[in-house]
Amino acid sequence: MGSVLIVCLLFGIVGGSPGIAEFDKNNSNVYHRLDRFRNWPREFFAYYQNVTVDDLVPENRLVATKDLQCYEEFSQLVAGPSLENLWALKMIDSWGSIPSGILMGHLMDLGHYDECIRINQVLDSGHNLLGKYCLAQLPLHQWLGYSEALSLILPQTGVCFPASCSSENMDALLGGFFQQILGIEFDKNLTLIKEGTCKTSKKESLDGLTIFTIVLLSTFGAAVAISTVYDYFLCEDQTKLPAILKVFSARANSRSLFRLNTKPNPNVIECLNGIRCLSLIWVCFGHEYRLMFMSPLLNYVDLYSWAKEPFMMFINQGVFAVDTFFFLSGLLVALLSLRTMERSKGKLHVPLMYLHRFLRVTPMLAVAIIVYMKLLPLVGDGPLYGKWNFDNYDSCEKNWFWTLLYIQNYAADEECLAHAWYLAIDMQLYILSPIFIFAVYKWGKKGAAGVFGLLLGLAGFLFGYMAINEYSLLNLTVEGSEEISHHTHNRASGWLVGFLFGYFLHTIRGKSFKLNRVTVWIGWITSLALFFTVIFAMYPYGLVKKKTIGVISEAFYVSLSRIAWPLGLSWVVFACMQGYGGLANSILSSSLWQPLSKLSFSVYIWHLFIQNLNLGRTRVNIYFSDYDVMLHFWQDFGFSLLLAYVMYILIEAPCGGLESMLLPNRRPPDTQNITPAEVPAAKEPESQRTQTYTTPDTPLSPTSDETNILRFFRNNAPVLK
């Protein structure tokens, strides 16, 4: 959530910078100077009535052929605005101006994007003149004569030129106009228009990978359609539906997805569904705010006061949703793996476990990458759509293979998919998990002590790393935030705490703890105290706060908070399992969470696509308030659920079913048709039954306890910073 702090720092100058104080003293003169340029687009076209080629060629560069074409079209533009040349009127009419309410942080006037790019006029020379929309920076500080404070504020406005004109041509025209009108030496180092902000109606032809992506999705769609039609209209007995058709049937997969298991099951930790889903919502809600901060707001200045509100900490500390899912991953790996080893007398098929994990997660991730690179740029359009936020497609062009290898958090400078770093850490910890599993299985408490020592060692390393390098997560202008947040050795604390807690639950399986009311109250108060301390401990500090915190103190907070958060979660899970959860258990264990829990991985992958699409295609400025963000969130979250369901039916469920069919079944032959949760009841006397822990029903029948681990990892994925 660093962008909000940077924005608040920027607009902190409104509260008390010398430049603004000077602005207040001379507000009358400044107002008239500012008002003079409200209609600068009209003055711009009047100034260039007699434009020459030299006006649109940058200094120290010879005239090129493309400059001549630009000169020809621009000359017709400035000479032809009339009812007879409606295209010229539209091009001028689509321009923005100096935004109203600059002092409230309204820094962007988008003009009329569609009016500009829809211009397609056949000229007398026979070729077509297309409109080209760009965002131009306005040198407000030079207009008003103040540089120290206002130089940080560069309003932007939409401009429209003939498509034959390059950003260099536009820059030369605007620069010459401003220099002449302002009567000052224009800053030649300031680029007013960047080519990356320009757009036309001309679309690039589809390349091979784009065509492959369309064919791939069409093939899966056809398989799903055929299987669903056969299932619904031609198959009267569902038990006789061929396995390959059942894998692709939307009807069969939807039934499994939306089936609610309301019967109490001692083999299921029901509260994990609620924890997973609430964390997912927290993540998506936090990303909505981050995207809103980067949007064309009408009132950026209000972010300065908003950042001082306690509510901001819930958004800024949404990073702890990541640690929640790391905790769940470690917990379930320990529980299910130790149960598997106990039943197989110490054996764990590690290579096949790795293969299952890779095949369950990678198909959806691979489809997301190619859709992100090739289809997302085609499905949306707008003045801000493209390289303005999370959707920097160039990063995937360069680093997509590191993402599929799950090492992009170490190997790539720019990660493909802003949220895929979580999957890399999750996979890396999963690969290391057999070391911890064999340690606690073979040496018991001594092995757990070794894992605990590793936990303390990594926390100490993180503390030393931040203290020695003077890294800070509050002051995001310094380096190190990516290493602190995205490197596995710095984010493993939550996973290790979850693993140790899972080992603890394994050792007490089948036991019931009778706790008095005082102990229960102490447990809940301690847990809530940990949660609120982690969230609000840094409230007095930050870029927009009066207090500052030392590097040592912040290093202590970061290293210890990543342990404190999962410790609080450990009590929540333990209390809910033992019957001391009360209202919390009623909410977290509700069966209504089950469908969203099964969709959580798909929602995690696709929610940023929807948020980028909706905010990237905006044509007007947005008013910032918590209520308005909430409206945008529920709209985006609803469409994220719809897209997640489509991709689940199209990709995740079929690929998971194919993987279960193709890979060998590792359960004993006499239990082929028994779910893992039912095995103890079939094999052990009543007095010796032990609890196992599985997820609620999923679209795929489990083939082993290890498959359940993989399914848990898949369901635990939807989280990121």
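This is a short chat about a surface patch, a strand and two backbone angles in a predicted model.

Reader: Let's start outside. Which residues form the nonpolar patch on the surface?

Author: The patch is made of Leu206, Ile211, Ile214, Val215, Leu378 and Val379. Together they have about 510 Å² of accessible area. Keep in mind that the model is predicted.

Reader: Ok, and which helices supply at least two residues each?

Author: Those are α11, residues 208-234, and α18, residues 350-379. The largest share comes from α11, with 3 residues.

Reader: Take Ile211. Where does it lie, and what is its relative accessible area?

Author: Ile211 lies in helix α11. Its relative accessible area is 44%, so Ile211 counts as partly exposed, between the 20% and 50% cut-offs.

Reader: Switching to strands. How many residues of β4 are buried?

Author: For β4, residues 156-162, the count is 7 of 7, so the strand is mostly covered, with buried meaning under 20% relative accessible area.

Reader: Hm, what's the usual rule for side chains in a strand?

Author: In a regular strand they alternate between the two faces of the sheet.

Reader: And what about partners: is β1 parallel or antiparallel to β4?

Author: β1, residues 108-109, runs parallel to β4, and 2 bridges join them. Strand β3, residues 128-137, pairs with β4 in the antiparallel sense, over 7 bridges.

Reader: Which residue of β4 does Met108 stand opposite?

Author: Met108 stands opposite Gln156. Gln137 stands opposite Gln156 too.

Reader: New topic, backbone angles. What is phi of Leu417 near?

Author: Near 70 degrees, which is a positive value in a residue other than glycine. Leu417 lies in the loop between α20, residues 408-411, and α21, residues 421-443.

Reader: Why bring up a positive phi at all?

Author: Because most residues other than glycine have a negative phi.

Reader: Fair. Is Leu417 buried or exposed?

Author: Buried, because its relative accessibility is 1% and the cut-off is under 20%.

Reader: And Glu470, what's its phi near?

Author: Phi of Glu470 is near 55 degrees, again a positive value in a residue other than glycine. Glu470 lies in the loop between α22, residues 445-469, and α23, residues 481-486.

Reader: Buried or exposed, that Glu470?

Author: Exposed: Glu470 has a relative accessible area of 55%, and exposed means over 50%. So of these two loop residues with positive phi, Leu417 is buried, whereas Glu470 is exposed.

Key
Residues numbered from 1 in each chain as written. Predicted model: local features only at pLDDT ≥ 70, side-chain atom pairs only at ≥ 80, totals over all residues. Heavy atoms only, no water. Patch = residues over 30% accessible without salt bridge, like charges linked within 9 Å, V, L, I, M, F, W, Y side chains within 5 Å. Areas by Shrake-Rupley, 256 points an atom, 1.4 Å probe, with all protein chains shown as cover. Salt bridge = Lys/Arg side-chain N within 4 Å of Asp/Glu carboxyl O. Helix = DSSP H or I, 4+ residues; strand = E, 2+ residues; numbered from the N terminus. Buried < 20%, exposed > 50% of the residue type's maximum accessible area, 1.4 Å probe, protein only. Pairing = 2+ DSSP bridges.
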